[in-house]
Amino acid sequence: MTIDPPSCLTAGCHARNKGDCTLPPGRVVLPVEAPDRRHIYNQFVIRAAQRDQVMAALKARQIGHEIYYPVSPHLQVCFVCLRQRPGDLPASECAAAETLTLPIDPNLTDAMLTAVVEAVAAGVREASCSYQDAIPHCHKR
């Protein structure tokens, strides 16, 4: 598993990749902290193309996780008046397909944190055998 900077969270990345912000297999994007700052997380959101496999690995180990926005906001029923269609905001749709919230709590022990990291790594490893299988459905052409 390789940890990448959040380069695909920017409009520039979206433009460079011609609308495809899919992370390659084995890649996980972590939240970023400025060098001179410290974040107090209430959610720890990662981004992985292999989200379903990572979730399965977490579930198998009884580790909590959540997807808070499974549908891109512009495609939600409450915004139907905007008349947006799938593909209108591809970076937002990629984020909805790839983000996953992991446990974050000051009471988590080192062993618990290690278990979370190992589960994420296992999910990514299991999914990385085929690049096409690792791409979320919204990116298949």
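**Exercise 1.** Which residues of helix 2 (residues 51–60) are buried? Work out how they sit around the axis.

*Solution.* Keep in mind that this is a predicted model.
- Start with the list: Arg51, Val54, Ala57 and Leu58 are the buried residues of helix 2.
- Now look around the axis: they cover an arc of only 125 degrees, so they lie on the same side of helix 2.
- The general rule helps here: an α-helix has 3.6 residues a turn, so residues three or four places apart point the same way.
- Next, flip to the face turned away from the buried side, where you'll find the exposed residues Asp52, Lys59 and Ala60.
- Finally, check the partners: the buried residues of helix 2 pack against strand 3 (44–48), helix 3 (90–98), strand 4 (99–102) and helix 4 (110–127).

**Exercise 2.** Is Thr101 buried or exposed? Find what Thr101 touches, too.

*Solution.*
- Place it: Thr101 belongs to strand 4.
- Apply the cut-off: buried means under 20% relative accessible area, and Thr101 has 9% relative accessibility, so Thr101 counts as buried.
- List the contacts: leaving out residues up to four places away in sequence, Thr101 touches Gln43, Phe44, Val45, His65, Glu66 and Tyr68.

**Exercise 3.** How many aromatic pairs does a search of the whole structure find? Classify what turns up.

*Solution.*
- The search gives one aromatic pair.
- Tyr41 and Phe44 form that pair, at 5.3 Å centre to centre with 65 degrees between the planes.
- Planes over 60 degrees apart count as edge-to-face, and the Tyr41–Phe44 pair is edge-to-face.
- One last check: at 22% relative accessibility, Tyr41 counts as partly exposed.

Technical notes. Residues are numbered from 1 along each chain as its sequence is written. This is a predicted model: local features need pLDDT of at least 70, side-chain atom pairs count only at pLDDT 80 or more; totals for chains, interfaces and linings use all residues. Side-chain values use heavy atoms; hydrogens and water are left out. Buried means under 20% relative accessible area, exposed over 50%, partly exposed in between (1.4 Å probe, protein chains only). Helices (H or I, at least four residues) and strands (E, at least two) are DSSP runs, numbered from the N terminus. The arc is that of the directions from the helix axis to the C-beta atoms. Contact means heavy atoms within 4.5 Å. Rings of Phe, Tyr and Trp (its six-membered ring) pair if their centres lie within 6.5 Å; planes under 30 degrees apart count as stacked, over 60 as edge-to-face and the rest as tilted.
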